[in-house]
Amino acid sequence: MATQSREFPPEIIKILKSSQRVAVLTGAGISAESGVPTFREAQTGLWSSFDPAELATPQAFHQNPKLVWEWYTWRRELISRAQPNPGHYALVEMETIFPEFTLITQNVDGLHRLAGSQATIELHGDISRTRCSFENQIISDWPETDEIPPHCPHCGELLRPDVVWFGESLPAEPLEAAFQAASSCQVFLSIGTSTLVEPAASLPFAALRNEAAIIEINPQETPLTPLASYSSHHPAGEVLPELVSKMKR
Ligand code: NAD
């Protein structure tokens, strides 16, 4: 990959400074610097060591609920030790800069909330929550048991993590709010996402149809890169704080 200056071009800063409506989509990459592994990167991504079909689908849970529950317990423990990084905190500051600011995340790690972002749209759920696999109700307490997974205290069906698995629909309300923000924003920032997982991958394209400027922050190229007004190929935790400080000047 060609080396690239970390400086954002002045015209990009100018567009941002004159924008009222900004939408941001984050993916696993924004949490990489917090020590949370991404999915799709060779070597370090979770899917280089695990098969998604065996761990993150309704079929996998049906066939081997214990394996799936234990894998999520391992990820939940890993995430519970993670702290927000400067990229998460820069987005908290951005929220105070723009009149209309919508933060949409595909992450299930809750780090935007922990950093202090308000009203984040979480498209894929929250790994720290548990729900009934039958009634879909969030369950916070259940009687102590050796059974893995434990059972719902109301209906007796299996409990599962409150995340969206491959092949499942996203919750309708957050998805609609995300598309609404994307199709009406003037600037769309795509940060740390491979732009491969639908329907979130379509959000920047909804913004493009509204002639929004697209800014991408990702060390790797993605299908969005050729269409972006500007792509920064540096880690989000380094460039986002710089972008925010430029915005304030
Ligand atoms: P992905 O693994 O497909 O892609 C991650 C992207 O982040 C890659 O393009 C990579 O180049 C980029 N990246 C890596 N380090 C970065 C950094 N420091 N700064 C900026 N970018 C960086 O992840 P995705 O696009 O979010 O895929 C979506 C799916 O991944 C969702 O289902 C989401 O729920 C799930 N996921 C979430 C978490 C989490 O909650 N932290 C972790 C892994 C996967």
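Here are a few exercises with worked solutions on this predicted model.

**Exercise 1. Work out how helix α1 sits against helix α9: what are the angle and the axis distance, and which residues meet?**

Step 1. Start with what to look for: a packed helix pair is described by the angle between the two axes and the distance between those axes.

Step 2. Get the geometry. Helix α1 covers residues 10-17 and helix α9 covers residues 236-248; they pack at an angle of about 65°, and their axes are 10 Å apart.

Step 3. Put a label on it. Angles from 65 to 115 degrees count as roughly perpendicular, and α1 and α9 are therefore roughly perpendicular to each other. The crossing of α1 past α9 is right-handed.

Step 4. Look at the side of each helix that touches the other. From α1 come Ile 13, Leu 16 and Lys 17, and they meet Leu 243, Lys 246 and Met 247 of α9. Sorted by class, this contact has four nonpolar and two charged residues, with no polar ones.

**Exercise 2. Now do the same for α5 and α9: which way does their crossing go, and what is the class make-up of the contact?**

Step 1. Helix α5 spans residues 86-97, and it packs on α9 at an angle of about 25° with the axes 7 Å apart. Since angles under 35 degrees count as roughly parallel, that makes α5 roughly parallel to α9.

Step 2. The handedness here is left-handed.

Step 3. List who meets whom. On the α5 side you'll find Pro 86, Gly 87, Ala 90, Leu 91, Glu 93, Met 94 and Ile 97. Their partners in α9 are Ala 236, Gly 237, Leu 240, Pro 241, Leu 243, Val 244, Met 247 and Lys 248. By class, that gives eleven nonpolar, two polar and two charged residues.

**Exercise 3. Find the ligand's surroundings: how many residues surround it, and which are the closest?**

Step 1. The ligand has 28 residues around it, and the closest are Arg 40, Gln 106, Asp 109, Ser 194 and Asn 218.

Step 2. Check the backbone for polar contacts. Ala 28 has a backbone N or O atom 2.7 Å from an oxygen atom of the ligand. Phe 39 also puts a backbone N or O atom 2.7 Å from a ligand oxygen atom.

Step 3. Don't skip the ligand's nitrogen. A nitrogen atom of the ligand lies 2.9 Å from a polar backbone atom of Ala 236, and Ala 236 also turns up among the α9 residues that meet α5.

**Exercise 4. Hunt for backbone oddities: where do the cis prolines Pro 149 and Pro 199 lie?**

Step 1. Ile 148 and Pro 149 are joined by a cis peptide bond with omega of about -10°. Pro 149 is in the loop between β4 (125-132) and β5 (159-163).

Step 2. Glu 198 to Pro 199 is a cis peptide bond with omega near 0°. Pro 199 belongs to the loop between β6 (187-191) and α8 (203-209).

Step 3. Go back to the loop between β4 and β5, where you'll find Asn 136. Asn 136 isn't a glycine, yet its phi is positive, about 65°.

Conventions: Residues numbered from 1 in each chain as written. Predicted model: local features only at pLDDT ≥ 70, side-chain atom pairs only at ≥ 80, totals over all residues. Heavy atoms only, no water. Axes fitted to C-alpha atoms, helices over the stretch in contact; angles between N-to-C directions. Helix = DSSP H or I, 4+ residues; strand = E, 2+ residues; numbered from the N terminus. Parallel < 35°, antiparallel > 145°, perpendicular 65-115°, else oblique. Left-handed = near helix turned anticlockwise from the far one by under 90°. Contact = heavy atoms within 4.5 Å. Nonpolar A, V, L, I, M, F, W, Y, C, P; charged D, E, K, R; others polar. Near = heavy atom within 4 Å. Polar contact = N/O pair within 3.5 Å; in protein donor to acceptor, adjacent residues only side chain to side chain.
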